[in-house]
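Colleague: Please take a close look at a single part of this model for me. Pick one strand region and walk me through its surroundings.

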Amino acid sequence: MTNTGASAGLHSNMNEDQRVMQSQENPPDLEQLYLTYRPYAFSVAYRMLGSVTDAEDIVQDWFTEMHGRSLSGIHNVKAYVAKSITNRCLNLMQSASRRRETYVGEWLPEPLPDAYVAQVDGPYEAAEQADTLSYAYLVMLERLTATERTVFLLREVFEYDYGLIAEVVGKSEASCRKILSRVKQNLGSKASLPPITIASPDSRAALMSRFAAAIQHYDIGEMVSLLTQDAVLVSDGGGRARAAINPIISRERVVALLTSQRAFKKLRIWDIRLMEMNGGLSLVYLEENTARAVITLELSPEDNLIQQVLIVVNPDKLGHIRAEMGKELTV
């Protein structure tokens, strides 16, 4: 996957580095370093971890640790940030893999509202906007080991050279090339999935409104017309909210679940917002302005039928979502 936005960010960071290191005698203050590189550090951490909370913690801890340190010997601050944040993510992922073994049901990444980052950091710079990945892409990355994910993201998304990648994962450049080749082979066509772009937001919004209405009104016929034959539903409750333990596979089974009188009953009484999230659109269900569920739909290549229904109801993954980030949806 070629990402011109990430490449532009990598090759145009000289001015950033000059701003941060304008005096080699005096180390940059924490605020200056934070303001310049915080959005980029978060973008690396979130894609590595799929967790907003963990990414925020890692970025905050690293910048605090950097307070007062001199960067005079570092010629590429952006690469240094990427390497440092990635190393911390790798350490966390190794312990997280053990926690995942006891996780109840399917694990999905934390949905990230586009407004969340803008609210915390101000608008993304063009380079950071350009490398936004779809939610379905993050779900796909969960199939990779920590090392595979690191090599894939640093090379394919952030476009770093194999020398830096080898340093981060502690392997030779040749090994990193083999890892990337193996990952691409295993992922097949999905490995080249581009950053999400919405050709027609209005048509996407209309389809999602139809989907929400079909759930609301137990409309089996409408739901059948919206899903592909091989549709899959994955829900993540983490043992904190009711959800299907295993993926639901096939249009018939997905329709039966979503139009059941017993499953996901509260989706029919909660308020609904249409929210820009992970560069796309998602349905957010709220109870008294508290997010209770997020539904993200992945469409077929033709962009006319729903291929994946991804539902997060684990409250631990929804605390950063606010009602005002979305637009009210009436169905």
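Modeller: Start at the hairpin of S3 and S4, where 2 residues lie between the strands. Asn278 takes a positive phi near 50° there. Keep in mind that this is a predicted model.

Now look at the pairing. Strand S3 covers residues 271-277, and 7 bridges join S3 to S4. The two strands run antiparallel. To see one facing pair, find Asp271, which stands opposite Leu286 in S4.

Follow S4 onward to its other partner. S4 and S5 also form a hairpin, again with 2 residues between them. Glu288 sits in this turn, and its phi is positive, about 50°. Strand S5 spans residues 290-299 and pairs with S4 in the antiparallel sense, over 6 bridges. Here Tyr285 stands opposite Ala293 in S5.

So how enclosed is S4? Strand S4 runs over residues 280-287, and 7 of its 8 residues are buried. That is why the strand is largely enclosed by the rest of the structure.

Next, the nonpolar cores. In soluble globular proteins, nonpolar side chains tend to be buried together. The largest nonpolar core here has 70 residues. Phe42, Ile85 and Tyr160 touch the most other members. Helix H3, residues 30-49, supplies the largest share of this core, with 10 residues. A second core is separate and holds 35 residues. Among them are Phe211, Leu281, Ala293 and Leu297. You have met Ala293 already: in S5, opposite Tyr285.

Terms used: Residues numbered from 1 in each chain as written. Predicted model: local features only at pLDDT ≥ 70, side-chain atom pairs only at ≥ 80, totals over all residues. Heavy atoms only, no water. Buried < 20%, exposed > 50% of the residue type's maximum accessible area, 1.4 Å probe, protein only. Helix = DSSP H or I, 4+ residues; strand = E, 2+ residues; numbered from the N terminus. Pairing = 2+ DSSP bridges. Core = buried A, V, L, I, M, F, W, Y, C linked by side-chain atoms within 4.5 Å.
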